[in-house]
Amino acid sequence: MSSKNIKTISNPKLKLEVLTQDDLKKIHEATLQIIEKVGVRFPSKRVLEIWEANGADVNYEKKIVRVKPRIIEDALKKAPPAYKLAARDPQQDLQLDGNHVHLGTDGCGVEVIDIDTGEKRTSCLQDVRDIARVADATEEVAFHWVPVSAQDRPAEARGLHEIKAVWENSTKHVQSESIYNVDEAKAAIEMAALIAGGKDKLRERPVLSLMQCTAPPLGHDGGSLDAALLAAEVGIPTGFMTMAACATTGPTTMAGNLAVGNAEVIAGTALLQLAYPGAPVFYAAAQTASDLRTGAYTGGGPEDFLFGAATNVLADFYNIPLSMGAFATGAKEPNWQAGLEGAMSSFMASVVMSDMLLGCGFLHGSRIWSYAEMLMDCEIFSIVHKMMAGIEVNDETLAMDVIAAVGPGGHFLAQKHTRNHMRELFMPKFMDRRPYSEWETKKDDARDWALAKARKTLKEHQPDPLDEKTGKEMERIIKSVEK
Amino acid sequence: MSEELYKEMAQCIIDGDSDIATQLAKKSIELKMHPLDTITKGFVVGVNYIGDQFGKGEAFLPELVMAGEAMKAAVAVLEPELIKLGEAREMMGRVVLATVEGDIHEIGKTLVGTMLSASGFEVVDLGVDQPADKIIGKALEINADIIGMSALLTTTMVRQREVIEELDKEGLRPRIKVMVGGAPITRDWVTKIKADGYSEDAIGAVKIAKELVGKTDQ
C-alpha cells in the first residue's frame with residue numbers, strides 16, 4: 001500500500017545480518033537482567049504506583065524500579081505489532097507494518113541557516129511553518145518531526161504552537177518530541193482530536209504521535225512519562241527514544257550500549273502496556289559514540305551506522321515498529337562529512353526496514369537546520385529507496401531479444417525496450433554529471449541547486465489549508481495553556 | 001624515599017586509580033609528609049602530565065576524567081590534614097554548578113565539575129532541577145566566584161536568564177560571574193541573556209572559568 005505523493009521503501013530486496021540470533025538473545029537477556037537487578041529510574045509518582053501495582057520492586061525514594069523479566073516480557077506481548085500513523089489527508093496515512101520505511105524530518109533544532117540570508121540564527125515559529133511547507137512538497141518526507149524549536153513562543157506552550165504550525169502547513173502526519181508535560185500533552189491531545197473528529201477517533205486516526213526521550217543511562221524524565229501515559233490512554237502512538245552514547249551515557253562497547261538503551265526503551269514500553277494494554281507504541285533510538293576528546297554527542301560515524309541496523313533487530317524481536325535516528329552528522333555545513341554520514345546511516349537503518357527514519361535536514365549534531373541539507377538528504381533517501389528495490393531478474397529484464405537485436409558493437413539507445421525501461425534508472429536532482437566545462441563556468445553544485453529548489457517550493461507550494469474553525473479552536477486551546 | 005613516593009602519586013593519577021591515590025595519600029600522612037607537598041610535588045604532577053598529553057591529542061577525555069576522580073580521592077584524604085595545620089590549598093576559585101529547574105540532564109554539567117575541580121577550582125555541584133533561589137543561595141553561602149548553569153532543553157534554558165536577572169536585581173554581579181552551557185545554548189543566547197561565559201565542552205569551560213577569575217593560562 002502506498003500513500004499519496006509519498007515515496008516509501010517497501011518490499012526490500014536487500015538484506016543485512018548485523019546481529020545473529022545468539023547475539024540478539026544475549027542482548028535481550030542482558031537487558032532483562034539490567035531491569036531486574038540494576039533497575040531503571042522512573043521519576044513520576046503515578047508511574048511508580050503503576051509499577052508497584054504490577055508487582056515491580058519500587059524504591060520510592062530513589063524512584064528506581066526493578067522488574068522481574070516475566071512482567072516485562074508479558075507486558076511487551078500486548079503491544080500491537082502494526083498500526084498506522086494517520087495524516088490530515090487520509091490518503092497520506094502511513095503503515096507501520098514492518099514492510100515500510102518512512103522518512104521524516106529531523107527535530108528539535110535550535111538554529112536555522114536562514115533561507116534568504118544564509119546566516120545562522122535562532123529558530124522561531126515561522127521556521128516551523130516554512131520547513132513544514134517545504135517538507136509537504138517533497139515526495140521523500142512522509143511525516144514531520146517538529147523540526148526546530150519555536151523559541152519566540154512561551155516555553156510552556158511552545159510544543160503546541162509547533163504542532164499547530166505543522167498541521168497548518170502540511171497534510172502529512174505530525175510527530176513531536178517537544179511535548180513532555182501533562183498540561184501540554186492534554187492540550188495536544190485535544191488539538192489532535194479536532195482533526196481526527198473527536199477524542200474517541202484518535203485511536204483510529206492518530207494524526208499525532210509523540211516521542212519521549214529517555215534520560216540515559218537507565219532513566220526517564222518524569223514529565224515525559226506522564227505525557228506518554230496520557231497519549232497511550234487515547235491511542236496516540238508513543239515511543240521512547242534512547243540516545244545512550246558510548247563512553248559517556250552508556251558503556252563504551254557497543255553491545256553494552258545497546259543493552260542499556262534497550263533497557264530504557266523496553267521498560268518504558270512495558271509500562272505503557274501495563275497501564276493501557278494494546279496501546280500503540282514504538283521503539284525509538286539514536287545511539288551514538290561520544291567524541292573522545294570533548295565527550296560531545298557525535299551524530300554520525302561507524303558506530304552510529306551499526307546502531308542504526310542493530311536497533312531494528314531489537315524492535316523486530318519485540319515486534320513493535322521502530323523510529324530510528326539517521327542522517328545525523330557532526331558536519332557544520334553540507335559537505336563531504338554530511339553526505340557520507342547521511343548516506344551510510346540512512347542505508348544501514350533502511351536495509352533492516354526501520355519503520356520510521358529520522359530525519360533529514362540537520363547539521364552540527366542535530367542542532368542547525370539547513371534547507372539545502374534537507375533536500376540533499378531527501379535525495380540520499382531516494383537513492384537508498386532505489387537500491388532497496390534491488391535487481392529484478394526475469395525475461396523482460398534480461399532483455400535477450402534486445403541484446404540479440406543490437407548484436408555486438410551496436411547501441412541500445414534506439415531500442416523500444418530502452419524507452420520502456422529508461423525511467424527506472426535513477427535520475428538525480430542534485431548530482432553533478434555535467435560536462436566539466438559547464439561546471440567550470442558556473443562553479444555551482446548540489447548545495448546551490450537544493451537551496452534554489454527549497455526557495456522555489458516556499459514561494460510556490462501551498463498545501464490544503466487547515467480549516468479556519470479548527471485553527472481558531474486550536475488557538476483557544478493553546479491560549480489556555482499559556483501563563 | 002619521598003621522591004619515589006611522589007612518582008607513585010603522579011603515576012596513580014595518570015593511571016586514574018582512585019584506590020591507590022587514597023592509599024598513597026594516607027601513607028603520606030603516616031610518613032608525616034606535608035600535605036601541600038604531597039599535593040603539589042606528587043599528585044598534581046600527574047594531573048599536569050595527563051592535561052599535557054590531552055593537549056597533544058595523545059590522551060582522551062575518559063583518562064582526564066579518571067585522573068580528576070583520582071585527584072579528588074587524594075585531596076579528600078589530605079584536605080582534613082591541611083585544615084588541622086590551619087592551611088589551605090590555593091584554589092583557583094569557587095564554583096556552584098547546577099542544571100536548571102525543570103531539567104534533569106546532567107552529564108555535561110558533571111563533566112564540567114570534574115574538569116574544574118581537577119584544575120584547582122572548588123566545586124559545589126547542586127545536581128539537577130535546581131531553582132534560582134537554591135542556586136543563588138548556595139553561591140552566597142560559599143561566597144562563590146562563579147555560577148555555572150546547564151540546560152538541555154530550549155524550554156528550560158530560559159531559566160538561565162531568570163537566574164541572571166535575579167542576580168542583577170540583587171546587585172550580585174559582577175561579583176558573581178555566570179557561565180552557561182548545554183546542547184541548545186548558542187552564542188546568540190549567551191549574548192542575549194548577558195552571561196559572562198560559555199563553552200561548548202568541558203575543556204573549554206575550564207579555560208573560561210580561569211578567565212572569569214582572572215587566572216588565565218600563560
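**Contact between the chains**

In this predicted model, 18 residues of chain A are in contact with 17 residues of chain B. On the chain A side of this contact, six residues are nonpolar, seven are polar and five are charged.

**Domains**

For chain A, the domain assignment gives domain 1 as 9–17 + 77–389 + 470–479 and domain 2 as 395–424. Taken over C-alpha atoms, the centres of domain 1 of chain A and domain 2 of chain A are separated by 43 Å.

For chain B, the assignment gives domain 1 (2–84) and domain 2 (93–212). The centres of domain 1 of chain B and domain 2 of chain B, again over C-alpha atoms, are separated by 27 Å. Between these two domains of chain B, seven residues of domain 1 are in contact with five residues of domain 2. On the domain 1 side, helix α4 (residues 61–84) of chain B gives the most, with six residues. By type, the residues on that side of domain 1 of chain B divide into four nonpolar, one polar and two charged.

Lys72(B) has its place in helix α4 of chain B. Lys72(B) has 16 C-beta neighbours inside 10 Å and therefore counts as partly exposed. Along the chain, Lys72(B) and Ser117(B) are 45 residues apart, while 7.6 Å separates their C-alpha atoms.

**Sheets and strand pairs in chain A**

Strands of a sheet pair through backbone hydrogen bonds, in either the parallel or the antiparallel sense. The table lists strand pairs from both chains.

| Strand 1 | Strand 2 | Sense | Bridges |
|---|---|---|---|
| β2(A) | β4(A), residues 64–66 | antiparallel | two |
| β15(A), residues 281–285 | β17(A) | parallel | three |
| β17(A) | β18(A), residues 356–360 | parallel | three |
| β19(A) | β20(A), residues 368–369 | antiparallel | two |
| β1(B), residues 93–99 | β2(B) | parallel | five |

One open sheet of chain A has four strands in the order β9-β8-β20-β19, with mixed pairing. β9 (120–122) and β19 (362–363) of chain A stand at its edges with a single partner strand each, so one side of each has no neighbour in the sheet. Where β19(A) pairs with β20(A) in the antiparallel sense, Leu363(A) has Ile368(A) in β20(A) as its bridge partner.

Another open sheet of chain A consists of three strands in the order β2-β4-β3, and its pairing is antiparallel. Its edge strands are β2 (40–41) and β3 (57–59) of chain A, each of which pairs on one side only. Arg41(A) stands opposite Ile64(A) in β4(A).

Strand β17 (residues 322–325) of chain A is covered on both faces. Leu322(A) and Met324(A) lie on one side of the strand, Ser323(A) and Gly325(A) on the other, and all are buried. β17(A) pairs in the parallel sense with β15(A) and also with β18(A). In the pair with β15(A), Leu322(A) is the bridge partner of Tyr283(A); in the pair with β18(A), Met324(A) has Leu357(A) as its bridge partner. β17(A), helix α10 (residues 336–351) of chain A and β18(A) make a right-handed β-α-β unit.

**A strand pair in chain B**

In a regular strand the side chains alternate between the two faces of the sheet. Strand β2 (residues 121–125) of chain B has a covered face with Phe121(B), Val123(B) and Asp125(B), and an uncovered face with Glu122(B) and Val124(B). β1(B) and β2(B) pair in the parallel sense over five bridges, and Val96(B) stands opposite Val124(B) in β2(B). β1(B), helix α5 (residues 107–118) of chain B and β2(B) make a right-handed β-α-β unit.

**Nonpolar cores**

In soluble globular proteins, nonpolar side chains tend to be buried together. In this model, the largest nonpolar core has 149 residues, and the members that touch the most others are Trp51(A), Ala188(A), Ala192(A) and Tyr283(A). Helix α8 (residues 254–275) of chain A supplies the largest share of this core, 11 residues. Leaving out residues up to four places away in sequence, Trp51(A) touches Phe42(A), Ala56(A), Val58(A), Val65(A), Val67(A) and Leu271(A). A second, separate core has 66 residues, among them Ile13(B), Phe43(B), Ile50(B) and Ile135(B).

How values were computed:
Residues are numbered from 1 along each chain as its sequence is written. Chains are lettered from A and ligands numbered from 1 in the order in which they are written. This is a predicted model: local features need pLDDT of at least 70, side-chain atom pairs count only at pLDDT 80 or more; totals for chains, interfaces and linings use all residues. Ala, Val, Leu, Ile, Met, Phe, Trp, Tyr, Cys and Pro count as nonpolar, Asp, Glu, Lys and Arg as charged, and the others, Gly among them, as polar. Domain bounds come from an automatic or database domain assignment. Two strands pair if DSSP finds at least two bridges between them. A residue is buried if 20 or more other C-beta atoms lie within 10 Å of its own, exposed if 12 or fewer, and partly exposed in between; C-beta atoms are placed from the backbone. A crossover is right-handed if, with the strands pointing away from the viewer, the path from the first strand over the helix to the second runs clockwise. A nonpolar core is a set of buried Ala, Val, Leu, Ile, Met, Phe, Trp, Tyr and Cys residues joined through C-beta atoms within 7 Å.
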